[in-house]
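Here is a short tour of a strand and a pocket, written for someone who likes to keep the coordinates open alongside. Please load the model and follow along.

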Amino acid sequence: MTSEKFTIEKVLSVHRWAENLFSFKITRPNHFKFTAGQFARIGIKVNDELVVRAYSLVSSPYDETLEFFSIVVPNGAFTSHLQHLKIEDEIYLEKIPYGFLTLARYQEPIPQDLWLLATGTGLAPFLSMLQDFDTWKNYKNIFLVYSVRTLNELAYVNEIEQIRQTFGEDDTGFKFISVVTRDPSAMLHQRLPVLIENGNLEQAVGYQFNPQTSHIMLCGNPQMVEDTKEALKQRGLTMNRRGVGNIAVENYW
């Protein structure tokens, strides 16, 4: 891996959401174009070696900066160093984006209701999609479902409300549903596949999954993605292949 594949960007800000969660913004080179839902490969120097990982973009495709959302992996080769980022630190950014978790992949069914199901930092690509006016123009109903372990890990709540106010309308049909799996007092506290199987998620949203109209995206913990995908299949929903089908996935980790 050579540094010619990367540009060197500067850290502009760092935000700590919880002990194990943080986000950061970096400068954006003029050449870097991406579609909402894609990810970038970013790197830092560790003992003079460039260590690189993939991170979904939180930013709108039209933002002047690039934002990323990260978990701290204990003793991780990358995040144990990344968590100490400071303003003006250098970040390596690969010159091209990657990934196919984008709304353009859907051809059939035509856009009507969009379900964005995330755990942890898998929220990132969905925030990017929700900052694109085309998403709001193309979908009559949008449901963002964000599952975390504890209440203090529930990041970006205020930002989601700001996005709704900026991009949505009073009758847009947008709903944000939070799930806190380790808090029995939370309205929804079971894992996403369980909430699909028992119907509680649809009840909370006030809308049902429909093979004829629903576009469903999953991003987060690989076990969540796999189990939720299977729960949805049991409801008659199908994987999106070659533009046709309901379910699109991203294994964020």
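## Strand S6 and its partners

In this predicted model, strand S3 (residues 39-46) and S6 run antiparallel and are joined by 2 bridges. If you would like a spot to centre your view, try Ile42, which stands opposite Leu93 in S6.

S6 also pairs with strand S1 (residues 6-18): here 5 bridges join the two, and they again run antiparallel. Within this pairing, Ile8 has Tyr92 of S6 as its bridge partner.

## How enclosed is S6?

Strand S6 spans residues 90-94, and 4 of its 5 residues are buried, so the strand is largely enclosed by the rest of the structure. Buried here means under 20% relative accessible area.

## The largest pocket

Now let's turn to the open space. The largest pocket holds about 380 Å³. Its lining counts 19 residues, and the ones closest to the pocket centre are Thr119, Gly120, Ser147, Arg149 and Asn221.

Which elements give two or more residues to this lining? They are strand S8 (141-148), helix H5 (192-197) and helix H7 (222-234). S8 provides the largest share, with 3 residues.

## Chemical character of the lining

For anyone thinking about residue classes, the lining of the largest pocket divides into 8 nonpolar, 8 polar and 3 charged residues. Among the residues closest to the centre, you can pick out Arg149, and arginine counts as charged. Gly120 is also one of those closest residues, with glycine counted as polar in this scheme.

Conventions: Residues are numbered from 1 along each chain as its sequence is written. This is a predicted model: local features need pLDDT of at least 70, side-chain atom pairs count only at pLDDT 80 or more; totals for chains, interfaces and linings use all residues. Side-chain values use heavy atoms; hydrogens and water are left out. Buried means under 20% relative accessible area, exposed over 50%, partly exposed in between (1.4 Å probe, protein chains only). Helices (H or I, at least four residues) and strands (E, at least two) are DSSP runs, numbered from the N terminus. Two strands pair if DSSP finds at least two bridges between them. On a 1 Å grid over the protein atoms alone, a cavity is a set of points where a 1.4 Å probe fits but cannot get out, and a pocket is an open set with protein on both sides within 12 Å along at least five of seven lines; lining residues have an atom within 4 Å of a point. Grid points are joined across faces, edges and corners, and a volume is the space filled by probe spheres set on the points.
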